[in-house]
Structure formats: C-alpha cells, structure tokens
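User: I am new to this structure and would like a close look at one part of it. Please take me through the pairing of charged side chains, and show me where the partners sit in the chain.

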Amino acid sequence: MENGETKVKKKGSFFGKTFKIITLIVVILAIGCVILNEFYIDILWFGEVGYTDVFFKSLFTRLKLGVPLFAALFALFAIYFKLFTMAGGKTLPGGDGKGAFISKKLPYLLSFILALVASVGVTQNLWYKFLEFMNSVDFGEVDPVFGNDISFYMFKLPFLRTLLLAVFIIVSIMLLVTIAYSMLVVAQKSAQDSRVIADESNSYGKEDVKGFFSRMWMTFRVEITLFISIAFILGAVYFWLQRYEILYSPTGIVYGASYTDVHVSLIADTIMAGLCALSAVINIVGGLMKKMKPLVITCILMVAVYMLSGVVETAVQNFIVSPNEYAKESEYLGYSIVSTQKAYALDRIETRTYTVTNNIDANDIEENATTIQNIPINDYLPTLDTYNSLQSMRTYYAFQDVDVDRYTLNGKYTQLFISAREMDTSRLNADAQNWINTYLKYTHGFGVAMSPVNSINETGQPVLIAKDIPTVTDYTEIRLQEPRIYFGEKTDNYAIVKTRAKEFDYPSGSDNVENVYDGTAGIPMSLLNRVCFAINEGTLKFLLSADITSDSVILINRNIMDRIMKIAPFLAYDSDPYMVICEGRLYWIIDAMTTSDRYPYAQPSSSGYFNYIRNSVKVVVDAYNGDVDFYIVDDDPIAAVYANIYPTLFKTLDEMPAELKAHLRYSEAMFKVQAEMYATYHMANPSVFYNKEDAWAIATQYYNTNKSEEVVNPAYLIMKLPGREEEFLLMVPYTAANKNNMVAWMAGVCDGAEYGKLIVYEFNKQSLVYGPMQIEQRIDQDTVIAPQLALLAQQGSAVLRGNLLTIPIEDSILYIEPVYVKASQSATSLPEMKMVILSYKDQICMAPTLKEGLEMIFGKPQQAEPEPGPDGIIEGNTDDQQGSGNEGGSTASTAVEALVDKAQQAYDNAVKAQQSGDWAKYGEYMKELEAILKELKEASAEPSGSTQAPKTDEAPGPAADQTDTGTEVPTEDQGNPDEGTVPTDQQTNQN
C-alpha cells in the first residue's frame, strides 16, 4: 500500500514539475514574441516614414559593439576562471562531485552569464557616445585652462569616462568572484585539515581570522595582486580625467574652475593619479615578494592625501581667496562670462543704443501704419476660448492651441492667429465611444480658424477670416485644398483607414459627409500585420472586423511630438508646434534644439539640464500624410555630428520650400532661455558682473484677473525697428533688477536673410523709461480708468487684462493693453474685448478701440497743404473758379465749415465725457455727432464747381450699425472703402 502511495506521489511530482517547466517555457516564448512583435512593428513604421536607416543605425551599432565585446569577455572570463578553478578545484571534496563541477562546468557557465550581462549593459550605455566619439566635429574654440577644443569635452570625454566606468565594473566583478572563490577554497582547506575552532576566546578568534586571510593571500596572492593593480591603474586614469571636471565645478563664485580649483584641486587630482600609478607598481612588487604591507601602506597614503587635499582646499578658499575674492577670481569670472555668452549664442547679439525722446505725433503714427495695424489687441487665451466656443461646431472637435504667424494678404503683411480644428474622440458621447468610431470612423480633424490679431467685431470677439467647415475664406493665400488633419497635437490614437466603413469627414446640416483617405501614409493591413497589431494592441478586432480589407492601412504614432521624438530622440523640442498653410496644404513646424551640459565654464540654465543650446533644426510634418522632414538651419557642431551619424536624416535649409521658409519663426523656447541668461550675462566686465551693478530682469505685469506679478511672455509682433523695415519679430522687455523701470528690450528677427539674429536696444541710463509694471500701477491709480474698470467688473462680470505690449515707434515707446470682460458666473461665457488702454509719456487713456485711443493721445494726422503753382495760384482755386458763379460755392463752404466746427465740438465733448466716466453724456454727444455728420454729408453734395467739404474721419466710438475693429484688415476687394474690414455674420445679414 505504501509503495502504491509512493508511486502516486512520484507521478504527481513528475507531472507538477513538467507543468511548471512548460509554463515557464510558454511565458518565455510569450515575452519573446511580444518583444519581437514590437521590433517588427517598429521596422514597418520606420520604413513607412522613410527612416529605416535611422532605426537600424542603433541596432547595427549595438551589434557591432556588443557581439565582439561579448566574445572577448566570454573568452577572457572562461580562460581566467578555468585556470583559477584548476588551481583551487583539487582541494574541494567530492572527487567527481562538487569539485568536478566547479573545475569543469562552472567557469563556462559563469563566464557566459557575466559576459552576456556585461556586454549588454556596456553596449546599451556606450553605443551612442561611441558614435559621437567617432563622428566628432571641432568647435574651433578651446577652453581657457587646458587649451583643448570644446569637442573634446562634448564628444570624447563622456565616451572615455563611460568606457572607464565599464572597464572598472568588469574588473570589479572579476575581483569579487576571485575573492569569493578564494574564500571558499581556503575554507574547504581548513575543513580538510580539521582545523576546528575549539576555543571562542577573543584572542584565539583574532588569530584564526588573521590566519584565514593569510592563507587566502598566500594561496591566491598572484590573482588578487593582479586585480588590485589593475584597479589602481584604472584609478590613475580616473583621477587624470577627473582633472577636466574642474571646468564644471559649481562650488566657486561662478560655474567652472575657480582659483581654488586651479591651484589646489587640479594639483591634488594630478598627485592622486600619480599615486595610483605608483601603487599599482608597488602592489605588483609586494605580491611577488609575498608581502602585504606595501599594499596597505599605499592605500593608507592615498586616503591621507585625498583627505588632506580637502583640508587644503578649504583653507585656501577661506584664508586666501575669500579675503581677496575679486582679485583672485576676476580672471575666472572673465572665463565664465565669455564661455556662457558663447554657449547660449549671446556673443552674436547686436547691441544698439535707443534714445527715447517721446516726440512722435499723429503723422508718425500714420507713417508706421504697418506696426499699428498689427498690434495684437486680441490675446491668446480669449482667442482660444472663442475658437473653441464658436468654431468647434461639434463636441468632438477641439482647438488645442492658438499660434501666431504672418501672411501676406492682398499685398498686406498681416499678423494672424491660427489654430487647427482637431478630432478628440474622448469627447464623443459615451455610447458612441466604441472601437469602430474611435479607430475607423472619427479619424481626423478638419481645417483651421484664423483671425487678425488686431481686429474685433462689434461684440468684442476676433474677426474670423478663415472659419467654418468646410473652411471659408475670402483670401486666396490661405485657401485650403487639403484641410484634413490626420497628424496633430491631439491625435493620440491609431487610425485604420481605407476600410469599408467610410470615415466621418465633417457635419453638413443634419447629415454627415464621409470620406476615404487617399494619402500616402499607413502600414498595409496584411494578414501577418493584422496578427501583429492584434497582439500589440491586445484586441482580436484586427482579425475579426469585416471592415478591414487588404487595401486598408493603419496610421500609428500620429501625435506629431511622439512621431518626431521616436525618429530623433536625441534632439530637444519646443513644446509649441505651430500650424502653417502652404500651397493649400497644412503643415506643422516644430523647433528642435541641440543641447549639452558639457560646455566648459558655461552657466547651466535655470532648469539645470543644459549649459549649451542652439535652435539648429526645424522639423516639418505634413498634417495629411505624416511626412517628416528635418532641416538644419544653424551652423552648429553638435548638429553636424548628428548629420555625420545619420547622413540621410537631415536636409539643408536650401531644400526647404520657399513658402514654408517664409513662415519660420524664432523659437520662443530658445528665446526665453537666451533672454533669461542675457539678463545677467550682458555684463561683460568682470568687475561689473561681480558687483551685479547692472543686473537686469525680464519685465513683469498683471495678467488676466490675477493681480500678482507675472513675467511678461515674449510676444511676436510685426513692427519697424529703428533703422530697419517692417518685419516679424519676437520681443521681450527688460527692467533693472529689483526695479520696475525699463532698461532695454530684446528682439529676435524672424524674417529674411537675417533670420535668427538677436538685437538688444539699451536705453540711456540717465533717462527714465516706464516699465510694464509701472504702467500697470499707473492704470490702477488713474482716477478715470480705475473706476471704469471697477464699473465693468460689476453685475457678475470679471475684467481680464491682456498682455501689456511695449511698442517702440521711431524714438518713442507706446504701451498698449487690451481689457476683456467675461461673465464670471458662466463657465461657457466668452471673453469680449471691450476697451484698450494706451499710455504715452505721461498720458494714459482708455478707449473702445485702438484707433480712438490713438486719436485721443495724438489727434488726427494733418492734411498736407496744397502747394502754389507757378503763378502763385493754389491749384483748384483758379480765377475761373473765383468768378461770380462761385458765390453759391462760398455760401456752401461757409455752411460746411460751421458743421465741421460743430462736429469737432461734439467730438471733444464726447471725449471729455468718456474720460470722466459719464457714459450717458457720452452717448448723447455721439448721437449729436452722428446727426451733424449726416448734415455735413448733405451739405457736401454740391455741383462740381462748388468748393468741396474736407473729408472727416469716422466718429470715435461704436455706432449701432458699425463693426468695431482696431485697425483696417485687408480684404479681397479694395475698391470699396466700406469693405475695409471683413464682415461678420451679423454684418452680412444687415448688408
């Protein structure tokens, strides 16, 4: 009976072990299949986007390094461990048992495991640094301490340090295995000799431990000596390379090597390198002489020198440097200033003096019409709210972002807001969020919304010049031939197109228009690929869906940021892609930066991630086909190294289509970094820098409903800088550190041959120029404007203050801030631009429109006086016209002049009422002015021989039937003066 139970138990045990083995094999195969499946899909995708060689560059480089390294390490480990175990295996008990296993099988098994782990780890951490090392490009600049080209620190030193670390880890593993095996062998010898500890007294225990290590040293002194000597040699190399790390020292007065680093730390590292090399020799000699004391002495000496160097550094810093800090550190301050300026391209900045005289008038305003007509009285956040409320059309459409760009519309250079209408399937109704709708039906966004930055309609909202679905516009320059957006900022899902289930295209009344994708993107849905994607996405619908055919393709990695980072993860990207219309198609442009934290002496950025940056690459993504192009736009050594590594990845700027090139912008992310660094590192004089005598700060302002200070964001503007033509710029103002008066501003050029140029205009230090925060404070203290803002904030409304813009015009500064009103009780209410605040010199006013505000401050431009003819007679006033037939004309002229005087008086009264906040009187005077203008129009209708009444500008203030725009917007038909603005829906109905 017992035998039967024993057989059953053995049988159950056998099946249990078999099941576990099979389960383990299945799990391993499943993991392997998943890994291989992802690898296969990556190959398919990189092939689709045309960058297969980029993908295989990583793989082949790893294989080129990893396979030879594995073979070399396996051979090294196997030979060493075989010889090592042959010496110790004879002493192990068991004959052909444990001793045989250790001497015959263990060396190869251990060698295989260690070689595999080491080769994979080393290759993974070393392959890219190896490519940079092999493809390095000289900077043409040297560090001031060692005189090495900057490329040594960027591309070579990181590789050498990583390689040293890898070798040290491998040697340490071998040393640990050697020590462990040595202890095992010695312990076994002790057991065989029957040396059993009988007395547990302290003295006997110490002697026994000492004897144990003595026997281990005598048995394996050659092996231990060898590895310790190798460790010392690696230590010598480490300390020699460590000498260069003083160029990144954060402990001194500036980032980089200071007086103490150069005169103490550098010498200490050199001595340590020499001691390590000497210790290696002494250790070898001691091993051959069978003595441990030389090894112990050298180790103690090295520790003592290392600790002493720290004491000396502290003493030199406290007793020599600190009492005479500037005298000792001025040289190194200069190194840091120069290096930081080069690392952030601040040395390329052109500085100019800007003398503020504030003597412009209405004629100057008119001469700078392009600047005035592109002042953004619309702000980013209110515009985004408006787009999402009025132009999303359906809940599943969303505008992710609003971008600023410029277009030439009907010959006028115009600054615009543009935003893509993207599909967001997470906004579908809950019962509609199924697999077919999410991945086959609702696949793409549609079109854009666009509006000039300077125009509003009668409700205070942006004037849309591209809107609706399909996109409607009057401008040929921005008409879309392909408005569909398959690749964008919100396209986070894959999409299967060219299926039997036609895609939703756009809503049309109560019906939906459908579409079938006919672009070039996509991976074919063959049976094999369907199986692979079913595994990858964890759903059988890829195999079971009847809508997927052999013609179907799948679009993956559709989020444009994920898409470009998967292709080129070594670049840093601006987080704000912007949409561009080019030849009727939609493209995304993304700014890509090359960065490094290895530029000697350069101060790290506030993020701490880098101390060198260039906006060297522009990335263009086709919103319909997903094509990705990388263009090198800057002469940057790091970009040149990347181009050497990936020769087919990058294109030159000359290869970019001219129409796309016209929409390149100075990267805002790059500009912010440079502006922040320049606030301190514009001080090139070490003495001024040391005392921070002329430190700057980026200006602050009040923004939105928040009354706490916020840093002014750089603003894209079309303006005419002194001595230059109108151009698209990125600009930010500076104030003195801890003060609010403005001292300078920085502009980044976005147009033409000087694209990428930085210009800094510095004000005369003896003159006072208001900073944005001082203007904000003046607004809050103004006895006319402050009560009006409080009045606008009543009855459940919130007042939002937009970006305060600092606009240089000629030799003067004009400040402009839009004011929005939004219902505070409703989450869906739209902000409406109600007022514009303007400040010039000591004047400050608030008006419904920018035009009215400018007229309140500067008045209207004077009409040019007619020049007399050759006989002294003014043209248009000849003797024939002065005959008796002109008497009626004289009477009409007198009547017109009287009406003009009355109109001027009504206008002046309206302005005074507005300034005092008496809106009731303001309305009365505006009605009076309207009546006078009608009389004036009738009085002007005289025969051709009569004297013509002078032309009068439109009345200030909104009329009931008039769209309120900040400035004129170019239209398709310039022949009709009444078509100076793009009509809104309300205007179209009225007209």
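Analyst: The answer below begins with the whole chain, then turns to the charged pairs and some residues that share their elements.

First, some ground rules. This is a predicted model, in which local features need pLDDT of at least 70 and side-chain atom pairs count only at pLDDT 80 or more, while totals for chains, interfaces and linings use all residues. Residues are numbered from 1 along each chain as its sequence is written, and side-chain values use heavy atoms, with hydrogens and water left out.

The protein chain contains 26 helices and 32 strands; these are DSSP runs numbered from the N terminus, with helices (H or I) of at least four residues and strands (E) of at least two. Of its 991 residues, 49% are buried. Here buried means under 20% relative accessible area, exposed means over 50%, and partly exposed is in between, with a 1.4 Å probe and protein chains only. The chain exposes about 47,200 Å², of which carbon and sulfur atoms supply 57%. That area comes from the Shrake-Rupley method with a 1.4 Å probe. Among contacts with a separation of 6 or more, 68% join residues 24 or more positions apart, where contact means heavy atoms within 4.5 Å.

Now to the charged pairs. Side chains of opposite charge can pair when their charged atoms come close. A salt bridge is counted when a side-chain nitrogen of Lys or Arg is within 4 Å of a carboxyl oxygen of Asp or Glu. By this rule there are 27 salt bridges.

One of them joins Glu245 and Arg161, at 3.7 Å from N to O. This pair links distant parts of the chain, 84 residues apart: Glu245 is in the loop between helix H6 (202-242) and helix H7 (259-288), while Arg161 is in helix H5 (residues 150-192). Glu245 counts as buried because its relative accessibility is 17%; Arg161, at 26%, is partly exposed.

Another salt bridge brings Lys757 and Glu350 together, at 2.4 Å from N to O. Here too distant parts are linked: Lys757 is in the loop between strand E26 (742-749) and strand E27 (758-763), and Glu350 is in strand E1 (residues 350-354), 407 residues apart. Glu350 has a relative accessible area of 23%, so it is partly exposed.

A third example sits within one helix. Glu668 and Lys672 form a salt bridge at 3.8 Å, N to O. Both belong to helix H19 (residues 668-681), where they are 4 residues apart, about one turn of the helix. Lys672 is partly exposed, since its relative accessibility is 37%. Elsewhere, salt bridges with shared partners join Glu350, Arg352, Arg724, Glu727, Glu754 and Lys757 into one network.

What else lies in the helices mentioned above? Helix H7 holds Ser265, which is buried because its relative accessibility is 9%. Leaving out residues up to four places away in sequence, Ser265 touches Ile246, Thr260 and Glu313.

Helix H19 also includes Tyr681. At 5% relative accessibility, Tyr681 is buried. Tyr681 and Asp347 are 334 residues apart along the chain, with 9.9 Å between their C-alpha atoms. Not counting residues up to four places away in sequence, Tyr681 touches several residues, including Ser336, Leu346, Gln603 and Phe689.

Gln603, one of those partners, is in the loop between strand E17 (585-596) and strand E18 (612-622). Gln603 is partly exposed because its relative accessible area is 27%. Beyond its neighbours within four places in sequence, Gln603 is in contact with Tyr255, Thr340, Tyr344, Asn611, Met677 and Tyr681. Gln603 and Pro250 are 353 residues apart in sequence and 9.1 Å apart in space, C-alpha to C-alpha.

Finally, here are some charges of like sign. Asp361, Glu366, Glu367 and Glu810 gather in a patch of negative charge on the surface. Patch residues have over 30% relative accessible area and no salt bridge, and like charges are joined within 9 Å. Asp and Glu count as negative, Lys and Arg as positive, and His and the chain ends are not counted; the place of a charge is NZ of Lys, CZ of Arg, CG of Asp or CD of Glu. Glu810 lies in the loop between strand E29 (805-809) and strand E30 (812-823). With a relative accessible area of 33%, Glu810 is partly exposed.

Terms used:
Patches are made of residues with over 30% relative accessible area and no salt bridge: like charges are joined within 9 Å, nonpolar side chains (Val, Leu, Ile, Met, Phe, Trp, Tyr) within 5 Å.
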